[in-house]
Amino acid sequence: MKAKKINILLVDDNEKFLKSVAERTRLKGFNVFTATNGQQALEIAQKQHIHVAVVDQRMPDMEGLVVITKLKELIPDVKTILLTGHGDEKLKEASEALNSTYFDKQDMGRFWAFLSNLPLGNINILLVDDNPKFLNTLAERIRLKGYEPFTALNGHEAIEITKTTKIHLAVVDQRMPDMDGLVVITKLKEIDADIKTLLLTGHGDEKLKEATEALSSSYFEKEDMGKFWRFVRKVLQSLETSMAAAGMATGGDLEDAVDIESHHVKKK
Amino acid sequence: MVNIRARSVGWLIGSLMVFVLSCPSLAFAAEQATVATAVKTWWFWPVILFVFCLVLGILAVMAGVGGGVLYVPLVSGFFPLHIDFVRGVGLMVALAGALAAGPGLLRRNLANLRLALPVALIASTCSIVGAMLGLYLSSLNPDIIQICLGVTIVGIAILLLVSKNTEKPVVNKQDAIGLALGLRGAYWDDGARESVEWKTHRTLLSLCMFILVGLLAGMFGLGAGWANVPVLNLLMGVPLKVSVATSKFLLSITDTSAAWIYMNRGCVIPLIGVPSIVGLMLGSLIGVKILAVAKPKMIRYMVIAVLFFAGLKAMDKGLGLGILE
C-alpha cells in the first residue's frame with residue numbers, strides 16, 4: 001500500500017476552533033493547511049494540491065458553500081466537507097448537491113471517523129463470491145466508497161487475478177462450487193503473503209471462525225442484524241435525547257432543553 | 001403566529017391543570033359512589049394516578065419544575081394515600097427522571113463528574129439521615145411531616161418565584177477548596193461559538209448547604225433539583241447549563257441513598273409507584289415535544305401558584321384546621 005500523504009485544508013473564522021482541529025488532524029498523519037477566511041483558502045488552493053477541504057459555513061467574507069464551489073472549480077477532484085454549527089436540512093441538501101459531505105460541529109465524532117477512514121492512496125480490492133447478485137451489490141457499495149474492485153465468481157478466477165495484479169484486500173465467500181473460501185484464502189496468501197483477507201459467510205460457526213483467524217484473516221457473517229440494531233439504537237438515542245432535554249427543563253433550564261430537543265429533531 | 005401558537009398551548013395547559021386538580025376529587029366522588037354500591041376495582045386508583053402523573057409530567061417539563069417537587073405535595077394533598085407511601089414513590093419518581101436524563105447529559109459533557117462527586121458524597125449521606133429522620137417523625141405523628149412539608153413547599157414556591165439564575169456567573173478567583181478538589185471545567189457554547197471555562201468559589205459554604213439540601217431531599221422525597229441548582233449556580237458560580245445537568249446527575253446518587261431507606265421500610269408500593277413513574281416519564285416525553293414548539297411563560301407561574309396552594313393545604317392538613325378541605 002502506498003503511504004501517500006493527504007493535504008487537508010481547514011477553513012474556519014474561529015481561530016481557537018481552527019487551531020484545535022488542525023492539531024488533531026496533524027496527529028492523524030495528514031498535511032494540514034489552515035485559512036481563516038474564504039479568500040485565503042482559495043489562495044492556498046491555487047498554490048497547493050489540496051485533496052480534502054473542510055470548510056465552515058458561516059464566515060465573514062463568503063459562505064462555506066461558495067468557498068466549496070470555487071474550490072471545486074480550481075481542483076475538480078477535491079473532496080469537500082462542510083462543517084457547521086448551525087446546520088439545517090436545507091443546508092445539508094445544498095451541500096450534498098455540490099457533492100460535498102456535511103457534518104455538524106455538535107457531532108465531531110462522525111467527522112473524525114470520516115477522516116480516519118479516508119483512503120490513503122490506491123487500494124486494489126478483490127471480491128470473490130459465486131452469487132453474481134450479491135457480488136454486484138457488494139461491488140457497488142465498494143465503488144460508492146471510492147474504490148474500483150476486481151470481481152471473481154470462483155476460486156480459480158480469484159487466483160488468476162491475484163497472479164497478474166497486486167491485490168491489497170480480498171473479500172472471499174466461504175461456500176463456492178470449485179473450492180472453499182478458506183482454501184482460496186490459503187492459496188492467495190501463498191501468492192502474496194501481504195494480502196489482507198476477509199472471509200464472508202452466511203453459514204458461519206465457531207470452528208470456521210477459529211480456522212479463519214488461524215489464517216490471520218478476518219471473519220464476518222452475511223446475515224448480521226445490522227438493520228435491526230440500527231433501528232433499536234436510533235430509538236434509544238432519540239429517547240435518551242428527549243429525557244436529557246426533560247432533565248434540563250425540570251432543572252429550570254428551558255432554553256437548553258429546547259436546544260437539545262430541537263437539535264435532535266433537526267438531525268433526524 | 002408563534003404568539004397564537006403559544007397562547008393556544010397555554011390554554012391547553014391551563015385546561016390540563018384544571019383537570020389535574022379536579023382529577024382526584026372527581027375520582028374521590030366516584031369512589032364514594034362506588035363504595036356506596038360496594039363495587040370497587042383494584043385498578044381504579046392506579047389508573048387515576050397514571051393519568052394524573054401523565055399530566056403532571058407535561059406540566060413539570062413546561063414549567064421547569066422537578067417532577068418530585070410537584071408529585072409529593074399534590075398527590076399527598078389530593079389523593080387518599082399515606083404520606084410515607086407518597087414520599088417513597090416521590091423519591092422513585094425523581095430518581096427515574098434523573099437516571100433517564102443522566103446518560104444524555106454526561107454524553108453531552110454538560111454534567112460534570114468532578115463537581116458532582118464531592119457534593120454527592122455529602123448530600124447522599126445527609127439524605128439517608130433525612131429519610132430516617134422523616135420516617136421517625138412520621139411514626140411519632142404524620143402531622144409533623146405534613147406541617148414541615150407544607151412549610152418547605154411554600155418555601156420552594158417562593159424560591160422558584162424569586163430566584164433568578166445566572167447563565168454565566170463571574171468567578172474572579174477560585175477558592176482553595178475548589179482548587180484542591182479540581183472543581184473547574186469547560187463546555188462548548190454553540191450560541192456564542194466559544195468554549196466557556198468555569199471555576200467555583202465559596203465552595204466550603206456551598207458544601208455545607210448541601211447538608212441541608214440532602215436532609216430535605218431525604219425527609220420529604222422531593223428530589224432536590226430545586227435546591228441544587230441555586231446553590232451550584234448562585235453560590236458556587238457554576239454556569240446554569242452545567243449546574244442543571246450536574247444537579248440532575250447528582251439526584252441519581254442522592255435519591256438512591258434515601259430511596260433504600262424507604263424501600264427497606266416497605267414504603268414503596270408498586271401499585272402506586274409503577275403508574276406514577278410510567279405516567280411521569282411519558283408526560284415528560286410529551287412535555288419536551290410541546291416545549292420544542294411553544295413555551296408559554298404563564299405555565300410556570302400557574303404551577304408555582306398550585307405549589308403554593310398545595311403547601312398551604314399540607315400545613316392545613318397537618319395542623320387539622322380544615323380551612324382548605
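B:S127 is a good place to start: it counts as buried because 32 C-beta neighbours sit inside 10 Å of it, and the cut-off for that label is 20 or more. Keep in mind as you look around that this is a predicted model. The residue belongs to helix α5 of chain B, which covers residues 113-140.

Who surrounds B:S127? If you set aside the neighbours within four places in sequence, its contacts are B:G214, B:A217, B:G218, B:T254, B:S257 and B:A258. B:L215 is worth finding too: 88 residues separate B:S127 and B:L215 in sequence, yet their C-alpha atoms are 4.8 Å apart in space.

Now swing over to where the two chains meet. Here 32 residues of chain B are in contact with 25 residues of chain A. On the chain B side, several helices each chip in at least two residues: α2 (44-63), α4 (83-107), α9 (225-235), α10 (240-264) and α11 (270-293). As for what that side is made of, the residues of chain B that touch chain A split into 15 nonpolar, 11 polar and 6 charged.

Crossing into chain A, you'll find 11 helices and 10 strands. Of its 268 residues, 31% are buried. If you take the contacts in chain A with a separation of 6 or more, 56% of them come from residues 24 or more positions apart.

Five of those strands are easy to pick out together: chain A has an open sheet of 5 strands, in the order β2-β1-β3-β4-β5, with parallel pairing. Its edges are β2 (31-35) and β5 (101-104) of chain A, each of which pairs on one side only. Going from one strand to the next, the twist averages 20°.

Let's zoom in on one edge of that sheet. Strand β4 of chain A, residues 79-84, runs parallel to β5(A) and is joined to it by 4 bridges. To line the two up by eye, look for A:I81, which stands opposite A:T101 in β5(A).

And what packs on the sheet? That would be helix α3 of chain A, residues 64-74, which touches β1 (7-11), β3 (52-56) and β4 of chain A. The direction of α3 makes about 170° with that of β4(A). Since angles here run from 0 to 180 degrees between N-to-C directions, the helix and β4(A) therefore point in nearly opposite directions.

How values were computed: Residues are numbered from 1 along each chain as its sequence is written. Chains are lettered from A and ligands numbered from 1 in the order in which they are written. This is a predicted model: local features need pLDDT of at least 70, side-chain atom pairs count only at pLDDT 80 or more; totals for chains, interfaces and linings use all residues. A residue is buried if 20 or more other C-beta atoms lie within 10 Å of its own, exposed if 12 or fewer, and partly exposed in between; C-beta atoms are placed from the backbone. Two residues are in contact if their C-beta atoms, placed from the backbone, lie within 7 Å. Ala, Val, Leu, Ile, Met, Phe, Trp, Tyr, Cys and Pro count as nonpolar, Asp, Glu, Lys and Arg as charged, and the others, Gly among them, as polar. Two strands pair if DSSP finds at least two bridges between them.
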